[in-house]
Amino acid sequence: MAWISGVACTEFGRLPGLDALGWQSRAALAAIADAGLEPAQVDGLLAGYATTLRHLMPADLLAEYLGVKPSIAFGVSAGGATGLSMVATAAALVDSGSAHTVLVVGGENRASGQSSDTSIETLAQVGHSRYEVPLGANVPAYYALLASHYLHSRGLDAADLSPLAVQMRRHAITTPGAHFTTPITESDVLSSPLIADPLRLLDCCPISDGGAAFVITDRPRGSGALRIAGVGQAHRHQHVSEADLENLGAASAAHGALSQSGWTIGELDTVGIYDSFTVTLAMLLEEIGICERGKAGADAAAGRFERIGTLPLNTHGGLLSYGHCGVAGGMAHLAEVSRQLRNSCGSRQITRPARRALVHADGGVMSAHVSLAVERP
Amino acid sequence: MTDHHGGGESADDWTTGVAAFVVVSCPRCRQRWYLPRSRCPACGYDKPQHRVAKPDGVVAAATTVHRPPAPFGDAPYAIVLVDLVDGIRVMGRSEPTIRPGEHVTAHFTGNPLLPYFQLIDAGTADAHNRERSQTP
């Protein structure tokens, strides 16, 4: 059995002054302290890549920086799914007895450390170097193609996605550390500049600086340990032209995690679902089965995902408004869900009792999928 | 362009300056694919067959890029995913007004050579529908 004993997520934003290693160590030390542990007790270290730190050995680099000497250490790359992939791997390491106290870290100065053009060009490489990138395709374009198919197949239009952006912003407004906190309306989303039709600026997550970390242990540590009740993964394609757009792998991963935990979707108190774009969130909610086909935006507009709603979603504001600093962006949903399960969100606490949660992340062009079921015992 | 038979990881196509899409197929299990591999992704057979694909198909998804990646200065331009009648899904450029569900055909243009899709007429679209339903 694996436990999330330490949780940390920094503020996200345009915050010059720390490099990738600086963000990673800030988050790492905070998570270790949150678990009531000392750095010397860490015997496993998994570190996500950082595009501003093109280092072949990010885990050994961070271990040296922190002064820890783990028996297991390696870097991990699965796009936006890297964070949850590392938590899933850490859980397997402690379950197998290979390690007892595994530090999982992501952090990057993606906003301050390079131009947004450079970030976008780097990330475009998730597309095919011969058959996609030379067409001038980039990540927003790949997701715009997904959005085009999504809207067409369900008889919807772009306005049907905008309630998701509005809900994420509404959550971020009252979340300390969020990158974007100015209220927006559906009209604001639909009049924001076109990036790749039908996706507009407010359909897209920002580029931020920040970091996040967890300490995964073989027994509960600290005062807020949460149990990892289930893990599921699926990897069915890399490139968008090879994706089965109605069965990307999200359902397989989520149902795997839920079946291990023994829960149904109806028994979840809160969820954290990857939201790089409004369409990402919509497609994941629908494929996983949290929303009926075509209804993700309508559910958001009806208030289902509010803190006072029946299934609070991304209560920190998600990637869309809390921000996206790379690997740690895909860890912030789990950090927020952990805070909710610990009943530690104060005025932001969801109104229903929080015991069970599902988090899901994807990487690439909805290529890599990892789900975790997490429980406060 | 002559057909290619087996061997090597990929045949010449628009990515190497030859004005064509190439469909790769497995003679053992009939799987078809587009992105190059030396072995069939379904059954592992190592002598895939390459042939030129008909450039006609149906649009699966379409977008117009307004904020391009830095080296591409000619925005706005449209990118589409098209299901070709020969059973593969390909990405290309297109006219910005093209929408999912429309019937299109590609020509190859520019330097570097890129595939460019445009609408075809309704009669040709009906012929495509019959052809796609017969594709083995």
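Buried means under 20% relative accessible area, exposed over 50%, and partly exposed in between. With that in hand, here are some close-ups of a predicted model.

**Close-up 1. Helix α9 of chain A, tucked inside.** Helix α9(A) covers residues 278-288, and 11 of its 11 residues are buried, so the rest of the structure largely encloses it. The buried set runs from Thr278(A) and Val279(A) at one end to Glu287(A) and Ile288(A) at the other, and includes Glu286(A). Just past the helix, Gly289(A) takes a positive phi of about 100°.

**Close-up 2. Where α5(A) meets α9(A).** Helix α5(A) spans residues 139-154, and its axis comes within 9 Å of the α9(A) axis, crossing at roughly 50°. That angle makes α5(A) oblique to α9(A), and the crossing is left-handed. On the α5(A) side, the contact uses Tyr143(A), Leu146(A), Ala147(A), Tyr150(A) and Arg154(A); α9(A) brings Val279(A), Thr280(A), Ala282(A), Met283(A) and Glu286(A). Sorted by class, that's seven nonpolar residues, one polar and two charged.

**Close-up 3. Cysteines of chain B, with no disulfide.** Hunting for disulfides here? There are zero over all chains. The sulfur of Cys29(B) has its closest cysteine sulfur in Cys40(B), 3.6 Å away, which is too far for a bond, given that a disulfide needs the two sulfur atoms within 2.5 Å. Cys29(B) has 31% relative accessibility, so it counts as partly exposed.

**Close-up 4. Cys43(B) and its neighbour.** Cys43(B) is in no disulfide either, and the nearest cysteine sulfur, in Cys26(B), sits 3.5 Å away. With a relative accessible area of 28%, Cys43(B) is partly exposed.

Definitions and conventions:
Residues numbered from 1 in each chain as written. Chains lettered and ligands numbered in written order. Predicted model: local features only at pLDDT ≥ 70, side-chain atom pairs only at ≥ 80, totals over all residues. Heavy atoms only, no water. Buried < 20%, exposed > 50% of the residue type's maximum accessible area, 1.4 Å probe, protein only. Helix = DSSP H or I, 4+ residues; strand = E, 2+ residues; numbered from the N terminus. Axes fitted to C-alpha atoms, helices over the stretch in contact; angles between N-to-C directions. Parallel < 35°, antiparallel > 145°, perpendicular 65-115°, else oblique. Left-handed = near helix turned anticlockwise from the far one by under 90°. Contact = heavy atoms within 4.5 Å. Nonpolar A, V, L, I, M, F, W, Y, C, P; charged D, E, K, R; others polar.
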